[in-house]
Each structure stands twice: as C-alpha cells, then as structure tokens.
Amino acid sequence: MSAGAPPPPTPSTSSATTSPQIGADEWVRRAGERLVDRTPQLVLLLVFVVLVALIPVITSNEYIVRVATDTMLYVLLATGLNVAVGWAGLLDLGYIAFYGFAAYLFAELSSGHYGIHWATWITVPLVVVGTIMLGFVLALPSRRVSGDYLAIVTLFFGQIFVTLTTQGYRWDWFGFGGVHDITGGPTGLTQVDPFRVFGHQLTQARDYLWVALAGFAVIAIGLSAANHSRTGRAWRALRDDPLAAEVMGIPVNRLMMFAVAAGAGVAGFAGAVNGAYYQGVFPTSFAFPTLITVYAMVILGGAGSLPGVVLGAIVVNVLLEVLRTPEHARWVFYVAVLAGLIAKVRPWRMLGAVLGGLVAFGLVVNAIVGAVWPRGTAGPLYAGGADFTTHGWFATAVRHWLVLPKNTYELPNYTIGNYAFVILIALVLTLTVVRGWKRYVLLVPTLWLAAFVWENRLVEEAPTTRPLFLGVILIVLMATRPQGLLGTPRVEVV
C-alpha cells in the first residue's frame, strides 16, 4: 500500500450481517429471512416474558393460568431438547428420563416419603446438578455411537427409567438390605413440598408460572450466548457433518457430552418445578407419549431455532387443550382445513373452484341421502349423547351440508364412521400420486369425507382425536415446510 492510498474501508454492522456465512447457503439464507430473524433475540425474549407474566394479571380464570403454567413447562422441555437435537443433531430418545429423574429426586428430598424437607434454594440447584451429571453418565457410553444407534441407546435408557420408577416400590438392592419403597411404584410419590421462597409457600398456579418463566429467561440467555460462541458453532458443525467436524479437529465426543448434559440440566429444572407444582410425581407423566409430544413441539417450531421451539411448545400444548372440548375442536378443524386450502391451492381461481365444488358436492349428497334414507340426515351435530347443536348459522350450514346419521353410536350405524375413515385414508394416499386437474377433482370428495369422519366419528373422542389431529398437522407441515415454522432452511447433499 502506498503512503497516499486511503485505508481499506471498515465493514459496518449492516454489511457484516449480509456478508456470506460459513456453512450456510447464501441464497437460501436471504430468501428465508423473516422479521423474527432480524429482531434481536433479547428483544423477543423481553416481549415474551412480559406477555406471559401478565397472563395472571389479565385474567382470573384459573384454567387459563394452569394451561399457561403447563405450557411453560413444555417450553422448558422443548428448549432443553433443542440443544441436543436442534443444535448438536443428536437423536436423544431418552431425554424425558432426565425430566422424570429430576422430579423424583426433588420429591425424595422434599416430601414426607423419607421425612426429608430440605429448603428450596438447596434442593433445586442440587437437582439440576444431579441431572447434569446423569446426562454426562448417559453420554459416556453413547459417545462412540451416532444416528440410529444413539437413538436406540438413549431409548433403552428411557425404558430403564420407566421400569425402575414403576417397580421401585419393592427395590431390594440386589438382595442386600431388605425391600425398600423408593419411587412409590405405579402410584408415585405424593405430598411433595411446594417451593418456599423467603418464607412463603408457592401454592398457586400463577406462582409456578412466574417461577418457570424466570427460569426460562435465565436459561434462554445462557443458551443463546452458548449458541453464538465457539461451542455453538462446533455444535452446528457436528450436526451438519460429524465426520468433517472430527477431521477438522473438533472434539466431537466432548461436544456430544456437553450437548446432552446441557439439555439434561434444563430438563432438571423443569422436573423440579413439576414436582413442586403438582405436589406429586407419577411415572405416567414421564412415559414415551410425553417424549413424542416434546419432539413434536421442536419439529413444529423448527429444530435449531430457540424462538421456534418456544412457538412450537405453545402451539402444540394450546392446541391439545382446545381439542378437549368438541365445540372448540370443531372450529379448529374447519379453520385448519380452510387455512391449508388458502395456503396451498393456487391460482386463486382454482381455490374458488375447489371451494365451490366442495359446497355443491355436500349439498347434493345431503339432498340425495335425505331423499333415499331420511334417518341419514336426522342425526345430531355432535355424535353421541344429547344433541348439543347450537342453532347458529354455522350449525345450520353443517347440518345441510353433511350427512349426519341418527343414533350414530348404535350398531350398525356406528360402523359407518369406521368404514368412512378407511376410505378417507385411501383417498388421501391416492391424492399423493395423482397430478394436475385430477388432484383438484379428487380433493373435493376427500375434504367432504374428512368432515364426515370428523363429525360422525372423531369430534368427541378426545384421547384418539388429539394425537391424530396433531400428527396430521405435523405431516402436512413436514411436506410443505420441512424446517418448521421458524426453522432455517438448509441445502443438504442428497
């Protein structure tokens, strides 16, 4: 450089954010940028904390507050699972065992089971540290395996935990020392102490909502800092290509252990809050369905995105609660179908044709069935029990559009919904193989049959409908947006 030459320009913050990034396809990154990506995560966290903290102030409905508290527990669990799955790319199927271990450990140290009532400020840190150490113990034999093999090892660990907690009421220490009741067996441990803060016992749902929210704020700040550090970049390298990361000198085994232990620590805090909030721990709360629910939250929100997994936890848990009530579930179903059509059917004239054909198809079928089989259109809008039909415009429209056989839950009419469900699955599978105008034509009877099955078979069966409906949403999302709601799209070598 000559003496009179101007110095090279210093890159500004804006140019730094738009410069190419290592490990990310530039076109995909820029095309997928959203407002949530441009907003600092500290601002998003502040907005989230303020909104959630105001829930008990805005409403006095105890049910809403309890749902918010349960959702915050799921937010914590999804955040911890995101460390191993979303950032490090580890398929950890034993994650929920950390949650249960922490809850049981808190119950052992703060309940009348052994007559131990340690202070909260001692028990909670001890539970978190103990769960982190358990994460290291699990990661030690797993550091040499990856992918499906890691999933099998961790799944085995989760099953061991379920067996120990269920059979722990007659533990004999391998024949030494007699029989002892450690976990309470299938009935669990009750009379667990609530949190005690500054001499006050936390007994209300809003108290634990604020405790979980405060813990999440601290955890989110710490994990966000770790994600933007060298460790976070190494985790992402491990996720994208473990072999390349190891060749470049990255300590893969140590990173796996750190990821599993960090996620276990978050689950440990959530488990301690769970034990104090419910004042009891039960083995069914930490079974495999809970793990599936947490995984659904991470996948739905977007693995690897901290705001995404928070959004996924909120959407999944609130959706599952809404589906408990048939009236609310009905609105969710029809709104979801309409939103899916608006999002995927293009051009707009084709969307209008599908909607128009759907309405005409239902009216014609209703008229034909009513003329041939009058009992086929005389049933209640809600299947089973009394007729809870509201005489509004929506109920009237559905009754004149669908076929609602009377006494649906009495044989032989009960089998109609079963047969229709099988036919619906066949139509959906057919939709995946047809193309062009044939797909749009077939879409009309498929949607109508889906509404028929919903009203006549599924709307009141919450234990069956809730996971089924959630699974359908996940399948549709993975087919249309594999990275999740707020996940980052990536280019992968196939």
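Here is a short exchange about a cavity, two helix pairs and two backbone features in this predicted model.

Me: Why is the packing of H15 and H21 called oblique?

Reply: Helix H15 (residues 306-322) and helix H21 (residues 462-480) pack at an angle of about 140°, with their axes 10 Å apart. Angles over 145 degrees count as roughly antiparallel and 65 to 115 as roughly perpendicular, with the rest oblique, so H15 is oblique to H21. The crossing of H15 and H21 is right-handed.

Me: Which residues make that contact, and what classes do they fall into?

Reply: H15 brings Val-316, Leu-319 and Leu-320, while H21 brings Arg-466, Phe-469, Leu-470 and Ile-473. By class, the contact of H15 with H21 has 6 nonpolar residues, no polar ones and 1 charged. Arg counts as charged, so Arg-466 of H21 is the charged residue there.

Me: What makes H8 oblique to H9?

Reply: Again, the angle decides. H8 and H9 pack at about 140°, and their axes are 10 Å apart. The roughly antiparallel class needs an angle over 145 degrees, and therefore H8 is oblique to H9. The crossing of H8 and H9 is right-handed.

Me: How do you know that H8 and H9 meet, and through which residues?

Reply: Contact means heavy atoms within 4.5 Å. Leu-134, Leu-138 and Ser-142 in H8 meet Leu-150, Val-153, Thr-154 and Phe-157 in H9. The contact of H8 with H9 has 5 nonpolar and 2 polar residues, and no charged ones. Ser and Thr fall outside the nonpolar and charged lists, so Ser-142 and Thr-154 are the polar pair.

Me: What lines the largest cavity, and how many cavities of 30 Å³ or more are there?

Reply: The count is 1 cavity of 30 Å³ or more, and about 60 Å³ of space lies in the largest cavity. Its lining includes Asp-92, Arg-143, Met-256, Met-257 and Val-260. Leu-138, Ser-142, Leu-150 and Thr-154 also line this cavity. Helix H8 (120-142), helix H9 (148-167) and helix H13 (252-278) each supply at least two residues of the lining. By class, the lining has 6 nonpolar, 2 polar and 2 charged residues. Asp and Arg count as charged, so Asp-92 and Arg-143 are the charged two.

Me: What makes Pro-347 and Gln-191 worth a look?

Reply: Most residues other than glycine have a negative phi, and most peptide bonds are trans. The peptide bond from Arg-346 to Pro-347 is cis, with omega near 0°. Pro-347 sits in the loop between helix H16 (326-344) and helix H17 (348-372). Gln-191 has a positive phi, near 55°, and lies in the loop between strand E3 (189-190) and strand E4 (196-197).

How values were computed:
Residues numbered from 1 in each chain as written. Predicted model: local features only at pLDDT ≥ 70, side-chain atom pairs only at ≥ 80, totals over all residues. Heavy atoms only, no water. 1 Å grid on protein atoms, 1.4 Å probe; cavity = no way out; pocket = protein on both sides within 12 Å on 5 of 7 lines; lining within 4 Å. Points joined across faces, edges and corners; volume = space filled by probe spheres on them. Helix = DSSP H or I, 4+ residues; strand = E, 2+ residues; numbered from the N terminus. Axes fitted to C-alpha atoms, helices over the stretch in contact; angles between N-to-C directions. Parallel < 35°, antiparallel > 145°, perpendicular 65-115°, else oblique. Left-handed = near helix turned anticlockwise from the far one by under 90°.
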